[in-house]
Number of protein chains: 2
Amino acid sequence: MTPERYKRLRETLDRRQSDLTILTDQMHKPRNIAALIRTADAVGIADVHMVWSAGARRPYKGTALGSQRWVKAHTHDSMADGINGLRQQGYQIYAAHLSEQAVNFRSVDYTRPCAVVLGNEKQGVGAVAESLADEHIIIPMMGMVESYNVSVAAAIILAEAQRQREAVGQYNRVSLTDDVYWQLFFEWAHP
Amino acid sequence: MTPERYKRLRETLDRRQSDLTILTDQMHKPRNIAALIRTADAVGIADVHMVWSAGARRPYKGTALGSQRWVKAHTHDSMADGINGLRQQGYQIYAAHLSEQAVNFRSVDYTRPCAVVLGNEKQGVGAVAESLADEHIIIPMMGMVESYNVSVAAAIILAEAQRQREAVGQYNRVSLTDDVYWQLFFEWAHP
Ligand SMILES: C[S@@+](CC[C@H](N)C(=O)[O-])C[C@H]1O[C@@H](n2cnc3c(N)ncnc32)[C@H](O)[C@@H]1O
Ligand SMILES: C[S@@+](CC[C@H](N)C(=O)[O-])C[C@H]1O[C@@H](n2cnc3c(N)ncnc32)[C@H](O)[C@@H]1O
């Protein structure tokens with residue numbers, strides 16, 4: 001490994017946000033999932049959580065430009081499992097969901113441990129996540145079309161999470177535990 | 001036309017931002033262009049400008065969820081033409097471009113007339129736009145992957161433009177000229 005490569009891996013691991021994640025509710029289009037993983041890597045997310053549609057647990061492929069290598073995907077059998085598991089670890093659950101109760105996505109606090117829930121391309125966020133979420137968040141839309149592409153919506157929300165976290169210095173301190181940090185370093189360095 | 005439909009068309013036209021646009025530099029993947037048009041509609045952009053790759057002037061198709069209907073696409077023969085035309089109308093040109101001189105995309109002023117230049121999926125922004133732009137803007141990236149998908153980058157930047165414009169009330173006053181407003185109303189109402 002070159003010194004440059006070593007430096008790049010270490011800097012990226014130093015910035016990883018162990019307490020920021022996403023949870024997909026039956027998203028299924030491979031290119032949306034690939035784009036989502038690429039965005040997750042870019043904002044420093046180490047782990048993503050996924051619930052596949054009933055029966056259809058299929059691995060994502062597609063062109064995330066190899067970013068699958070840098071982000072760990074965890075699957076859950078149901079949204080209840082996924083949400084309860086994250087909540088037990090102290091995460092706030094923000095569902096990106098076009099509901100009556102939704103608040104502006106910029107008004108919630110992404111500096112605390114939190115997970116952004118993203119819905120299925122057609123049906124959106126399901127009833128379980130809708131009721132279990134702490135908040136529904138919405139990106140205001142000014143045009144004729146009623147929703148964003150899900151990977152676009154995710155990027156807009158995660159860019160705001162990144163902005164808030166940068167503002168309070170969360171990218172300037174290491175958040176991965178030592179164990180996880182060196183385990184990832186090992187995996188990244190020895191493909 | 002139902003009263004609800006009438007109201008929706010009028011409200012959307014009231015919010016259209018006549019002096020915010022994008023200019024694509026040989027972007028070519030139909031699904032990226034479709035996603036871009038959908039995002040443009042959502043932030044209230046009325047017109048987009050495009051330069052196709054040499055020889056390959058092809059109409060975009062794909063699933064913009066019908067948003068092509070709400071956003072007018074103008075093509076230019078070259079980036080020099082496109083940029084100079086916009087500049088003559090008083091637009092600032094912000095190239096989304098990963099260069100040494102690039103400033104943070106949040107540090108520029110999107111409340112003035114401006115165009116965001118987006119680059120080709122592989123080559124990025126070309127040399128002409130690079131040199132003619134007023135500013136290069138960059139979305140900071142914290143991960144291993146070196147760039148965003150172009151339609152994702154566009155959405156992150158345009159969401160910031162929308163935020164700035166909302167903050168100063170630009171969505172609360174009509175910016176289309178009467179002529180354009182009623183021409184669009186006519187087209188939208190009578191497909
Ligand atoms: C294409 S949308 C699904 C639309 C679906 N018809 C609905 O009404 O929920 C897919 C997902 O993208 C996210 N999304 C899209 N536009 C959004 C917006 N303006 N605000 C928040 N989330 C949005 C949500 O997670 C949504 O479930
Ligand atoms: C996939 S990128 C092209 C990457 C190309 N290899 C380069 O270095 O320019 C396609 C376009 O998306 C936009 N883009 C992607 N990531 C960006 C970022 N972090 N900041 C600003 N623009 C970005 C730019 O307009 C870029 O030309």
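**Chain A, layout**

I began with the secondary structure of chain A and counted 6 helices and 7 strands. This is a predicted model, and I read every entry below with that in mind. Following chain A along the sequence, I noted the order α-β-α-β-β-α-β-β-β-α-β-α-α.

**Chain A, overall dimensions**

Next I looked up the extent of the C-alpha trace. Along its principal axes, chain A spans about 50 × 40 × 35 Å. Does the radius of gyration of chain A agree or disagree with that of a compact globule? It agrees, because 191 residues would give a compact globule a radius near 16 Å, and chain A has 16 Å.

I then checked burial and surface. Of the 191 residues in chain A, 52% are buried. The accessible surface of chain A is about 8,700 Å². Carbon and sulfur atoms hold 50% of that surface.

I also looked at how contacts in chain A are spread along the sequence. I took the contacts with a separation of 6 or more, and 79% of them join residues 24 or more positions apart.

**Cavities**

I searched for enclosed space. How many cavities of 30 Å³ or more does the structure hold? I found 2.

The largest cavity came first. I noted about 90 Å³ of space in it. Its lining draws on both chains. From chain A, I listed Phe105(A), Arg106(A), Ile156(A), Ala159(A), Glu160(A) and Arg163(A). From chain B, I listed Phe105(B), Arg106(B), Ile156(B), Ala159(B), Glu160(B) and Arg163(B). Helix H5 (150–167) of chain A and helix H5 (150–167) of chain B each supply at least two lining residues. I sorted the lining by character and got 6 nonpolar, no polar and 6 charged residues.

The second largest cavity holds about 40 Å³ of space. Which residues line the second largest cavity? On the chain A side I wrote down Phe105(A), Arg106(A), Ile139(A), Pro140(A) and Tyr148(A). On the chain B side I wrote down Ala159(B), Gln162(B), Arg163(B) and Glu166(B). This lining divides into 5 nonpolar, 1 polar and 3 charged residues.

Phe105(A) appears in the lining of the largest cavity, and Phe105(A) also lines the second largest cavity.

**Ile139(A)**

I followed one lining residue further. Ile139(A) lines the second largest cavity and sits in the loop between strand E7 (135–138) and H5 of chain A. Is Ile139(A) buried or exposed? I count Ile139(A) as buried because its relative accessible area is 9%, below the 20% cut-off.

I listed its contacts, leaving out residues up to four places away in sequence. Ile139(A) touches Phe105(A), Tyr148(A), Ala153(A), Ile156(A) and Ile157(A). Among these, Phe105(A) and Tyr148(A) also belong to the lining of the second largest cavity. I checked the spacing to Phe105(A) as well. The two residues are 34 apart along the chain, and their C-alpha atoms are separated by 5.8 Å.

**Tyr91(B)**

I turned to a loop residue in chain B. Tyr91(B) lies between helix H3 (79–88) and strand E4 (92–96) of chain B. With a relative accessible area of 10%, Tyr91(B) is buried.

What does Tyr91(B) contact beyond its neighbours within four places in sequence? I found Ser18(B), Asp19(B), Leu20(B), Thr21(B), Leu86(B), Pro113(B), Cys114(B), Ala115(B) and Asp134(B). Asp134(B) is 43 residues away along the chain from Tyr91(B), and their C-alpha atoms are separated by 9.7 Å.

**The loop between E1 and H2**

I looked at this loop in both chains, starting with Gln26. In chain A, Gln26(A) is in the loop between E1 and H2. Its phi is near 65 degrees, a positive value in a residue other than glycine. Gln26(A) is partly exposed, with a relative accessible area of 32%.

In chain B, Gln26(B) lies in the loop between strand E1 (20–25) and helix H2 (30–42). Gln26(B) is not a glycine, and I read a positive phi of about 65 degrees there too. I put Gln26(B) down as partly exposed, at 31% relative accessibility.

Lys29(A) was my last stop. I placed Lys29(A) in the loop between strand E1 (20–25) and helix H2 (30–43) of chain A. Lys29(A) counts as partly exposed at 33% relative accessibility. From Lys29(A) to Glu100(A) I noted 71 residues in sequence and 27 Å in space, C-alpha to C-alpha.

Technical notes: Residues numbered from 1 in each chain as written. Chains lettered and ligands numbered in written order. Predicted model: local features only at pLDDT ≥ 70, side-chain atom pairs only at ≥ 80, totals over all residues. Heavy atoms only, no water. 1 Å grid on protein atoms, 1.4 Å probe; cavity = no way out; pocket = protein on both sides within 12 Å on 5 of 7 lines; lining within 4 Å. Points joined across faces, edges and corners; volume = space filled by probe spheres on them. Helix = DSSP H or I, 4+ residues; strand = E, 2+ residues; numbered from the N terminus. Nonpolar A, V, L, I, M, F, W, Y, C, P; charged D, E, K, R; others polar. Rg over C-alpha atoms; globule rule 2.2 N^0.38 Å. Buried < 20%, exposed > 50% of the residue type's maximum accessible area, 1.4 Å probe, protein only. Contact = heavy atoms within 4.5 Å. Areas by Shrake-Rupley, 256 points an atom, 1.4 Å probe, with all protein chains shown as cover.
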